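Here is a friendly walk through one protein chain, written for someone who likes to know the cut-offs behind the words. Please have the viewer open as you read.

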Amino acid sequence: MQTATPVPRKAPRPRADALRNRERIVTAAREMFVEHGPEVPLDEIARRAGVGNATVYRNFPDRDALVREVVCSVMDRTAAAAELALAETGDAFEALERFVHAAADERISALCPMVSSTFDKHHPDLEAARERVERQVAEVMDRARTAGQLRSDVDVGDVMIAVAQLSRPPAGTDCFRADRFVHRHLQLFLDGLRAPARSVLPGTAVTLEDLRRP
């Protein structure tokens with residue numbers, strides 16, 4: 001007599017309320033990392049998210065897991081902005097402009113102190129999110145360059161550094177008070193990217209490989 005081969009059970013899908021709680025935690029963490037840095041107490045994040053401490057630890061067993069999720073979330077949203085720019089069929093440089101402003105709204109400048117912390121920078125989720133962003137930003141820039149609208153002596157690294165630096169408030173300045181200047185200064189930067197170039201830039205175009213070098 002043969003026994004039936006057991007059929008493996010599928011892992012249950014998370015409930016809708018559990019997914020909402022996870023999204024609220026990530027959103028609250030992102031906001032508080034921007035306001036106070038990556039060392040903000042987890043119980044403060046739980047309070048901002050409107051959940052209990054146990055819910056935070058059920059979703060993220062340690063700080064590194066939460067930081068990684070926030071970094072991946074910001075990168076995914078930045079990639080989505082690049083995808084939207086690529087889907088547009090109008091002016092290629094205007095699509096680049098819209099992407100840059102959208103990326104600044106995602107507070108990518110807040111990632112700098114987080115990715116320089118002790119968590120695993122080579123985690124597969126983080127690597128996948130980073131590669132997706134880099135590939136799509138390069139495509140947005142290549143399209144504007146092919147259209148003859150983007151100066152030839154800049155690369156993806158130049159744009160990402162500028163967005164991070166220009167969306168970061170000066171030391172001693174209230175984060176949200178400085179927000180009203182971000183898009184003004186980004187537009188000044190974008191005007192400088194237009195072809196034909198009005199000046200010769202010092203050094204060479206900053207590539208993604210340059211950014212990864214220690």
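Gln-136 counts as buried because its relative accessibility is 9%, where buried means under 20% relative accessible area, exposed over 50% and partly exposed in between (1.4 Å probe, protein chains only). Gln-136 is found in helix H7, residues 124–146. Helices here are DSSP runs of H or I with at least four residues, strands are runs of E with at least two, and both are numbered from the N terminus. Leaving aside residues up to four places away in sequence, Gln-136 touches Ala-79, Ala-82, Glu-83 and Leu-86; contact means heavy atoms within 4.5 Å.

Before going further, please note that this is a predicted model, in which local features need pLDDT of at least 70, side-chain atom pairs count only at pLDDT 80 or more, and totals for chains, interfaces and linings use all residues. Residues are numbered from 1 along each chain as its sequence is written, and side-chain values use heavy atoms, with hydrogens and water left out.

Two further residues can be set beside Gln-136.

| Residue | Helix | Relative accessible area | Class |
|---|---|---|---|
| Gln-136 | H7 | 9% | buried |
| Phe-33 | H1 | 4% | buried |
| Glu-44 | H2 | 33% | partly exposed |

Phe-33 and Arg-107 are 74 residues apart in sequence, and their C-alpha atoms are 10.0 Å apart in space. For Glu-44 and Ala-28, 16 residues apart along the chain, the C-alpha separation is 9.2 Å.

Glu-44 sits in helix H2, which covers residues 42–49. For residues 41–60, UniProt lists "DNA-binding region" in an unreviewed entry; its positions are given in the numbering used here, feature names are shortened, and annotations may be inferred rather than shown by experiment. The span 41–60 is 75% helix and 0% strand, with its end C-alpha atoms 14 Å apart.

What is the volume of the second largest pocket? It is about 200 Å³, a volume being the space filled by probe spheres set on grid points that are joined across faces, edges and corners. On a 1 Å grid over the protein atoms alone, a pocket is an open set of points where a 1.4 Å probe fits, with protein on both sides within 12 Å along at least five of seven lines; lining residues have an atom within 4 Å of a point. The lining of this second largest pocket includes Leu-19, Arg-22, Glu-69 and Arg-77. Helices H1 (16–36) and H4 (63–87) each supply at least two lining residues, and H1 gives the largest share, six residues. By class, the lining has two nonpolar, two polar and five charged residues. Here Ala, Val, Leu, Ile, Met, Phe, Trp, Tyr, Cys and Pro count as nonpolar, Asp, Glu, Lys and Arg as charged, and the others, Gly among them, as polar.

Farther along the sequence, helix H8 (residues 156–166) is mostly covered, with eight of its eleven residues buried. Among them are Val-156, Asp-158 and Met-160.

A cis peptide bond joins Ala-195 and Pro-196, with omega about 0°. Most peptide bonds are trans. Pro-196 belongs to the loop between helix H9 (179–193) and helix H10 (208–212).

Finally, the whole chain: it has ten helices and zero strands, and buried residues make up 39% of its 214 residues. Of the contacts with a separation of 6 or more, 74% come from residues 24 or more positions apart.
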